[in-house]
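Please look over the structure shown here with attention to its core, its aromatic rings, its disulfide and its strand pairing. The report below takes these topics in turn.

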Amino acid sequence: MSGFASLRLAFSAAVLGALLCPPQTVAQSAAAPAQTITLGPSGLPLPRFVSLKSGRVNARVGPGANYSVNWMYMKAGLPMEIIQEFDTWRRVRDADGSEGWINQSLLSGRRTAIVAPWQRGKGGRINLLDDKDKDAGVVAIIEPGVMGSIKTCDGQWCEMTFDGHTGWLPQSVVWGAYPGEHVKN
């Protein structure tokens, strides 16, 4: 993208943000620490997490059905990070770092996450706790790479459900919620 196009996009996002924020929100955000939020053409923040709606989703090398398929995802609910938007296409990144373009109709706002995918195959285990406290009781033991549904995240802890077991994990071991992000699913 050219420097002029990215400047124009940043200016448009700033104008849109000023129009959409009520006056008290602008005043509140002025008092809060500076946090840069980039809005995509859809008006939603970039990057952001979503999940796959279907169990068979093609990730293409470009934003359109005419582009070749690079990957096929076979797991409904898999978390994806949207990093770019073009028309009805979203450039996504998976937990392994692979990128591709997926039509927005195949993506859901329902939040899911993968537990510590960076520790997959290293033999570690992570405790799913019954409360937001490192000393809380253990509900289940989760292997890195397991996917679950996010119920809520408070910036430090995420309440998640894995195959019928619900409990708390430190947000730092979750790929599907940003550090410090508040999520209500």
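What follows describes a predicted model, beginning with the nonpolar cores and ending with a single residue of a strand.

## Nonpolar cores

The largest nonpolar core has 17 residues, and the members that touch the most others are V115, I150, M160, F162, L169, V174 and A177. Two or more residues of this core come from each of the strands β10 (112-115), β11 (126-129), β12 (138-142), β13 (147-154) and β14 (157-162), with β14 giving the largest share, three residues.

Setting aside residues up to four places away in sequence, M160 touches A113, L128, G148, S149, I150, K151, H165, T166, G167, L169 and V174. Separate from this core is a second one of 13 residues, which includes V50, L52, Y73 and L107.

## The aromatic cluster

The structure contains two aromatic pairs. In one of them, F49 and W175 meet edge-to-face, with 4.9 Å from centre to centre and 85 degrees between the planes. Because F49 belongs to strand β3 (residues 48-52) and W175 to strand β16 (residues 174-175), this pair ties together parts that lie 126 residues apart in sequence. Both F49 and W175 are buried.

The rings of F49 and Y178 have centres 4.5 Å apart and planes at 40 degrees, so this pair counts as tilted. Since F49 is in strand β3 while Y178 sits in the loop between β16 and β17 (182-184), the pair ties together parts 129 residues apart in sequence. F49 has a relative accessible area of 6% and is therefore buried, whereas Y178, at 22%, is partly exposed, because the cut-off for a buried residue is under 20% relative accessible area. Taken together, F49, W175 and Y178 form one aromatic cluster.

## The disulfide

A search of the whole structure finds one disulfide, formed by C153 and C158, whose sulfur atoms are 2.0 Å apart. The torsion about the S-S bond of C153 and C158 is about 110 degrees, so the disulfide is right-handed. Both cysteines, C153 and C158, are buried.

## Strand pairing around β13

Strand β13 runs antiparallel to β10, to which it is joined by three bridges, and in this pairing A113 has G148 of β13 as its bridge partner. The strands β13 and β14 also run antiparallel, joined by four bridges, and here S149 stands opposite T161 in β14. The hairpin of β13 and β14 has two residues between the strands, and within this hairpin G155 takes a positive phi near 105 degrees.

A further antiparallel pairing, over three bridges, links β13 with β17. In that pairing C153, which also takes part in the disulfide with C158, stands opposite V183 in β17.

## N127 in strand β11

N127 is found in strand β11, one of the strands that give two or more residues to the largest nonpolar core. With a relative accessibility of 37%, N127 counts as partly exposed.

Leaving aside neighbours within four places in sequence, N127 is in contact with V138, A140, I141, W168 and L169, and L169 is also among the members of the largest core that touch the most other members. The C-alpha atoms of N127 and E143 are separated by 8.8 Å, although these residues are 16 residues apart along the chain.

Definitions and conventions: Residues numbered from 1 in each chain as written. Predicted model: local features only at pLDDT ≥ 70, side-chain atom pairs only at ≥ 80, totals over all residues. Heavy atoms only, no water. Core = buried A, V, L, I, M, F, W, Y, C linked by side-chain atoms within 4.5 Å. Buried < 20%, exposed > 50% of the residue type's maximum accessible area, 1.4 Å probe, protein only. Contact = heavy atoms within 4.5 Å. Phe/Tyr/Trp six-rings, centres within 6.5 Å; stacked < 30°, edge-to-face > 60°. Disulfide = S-S within 2.5 Å. Pairing = 2+ DSSP bridges.
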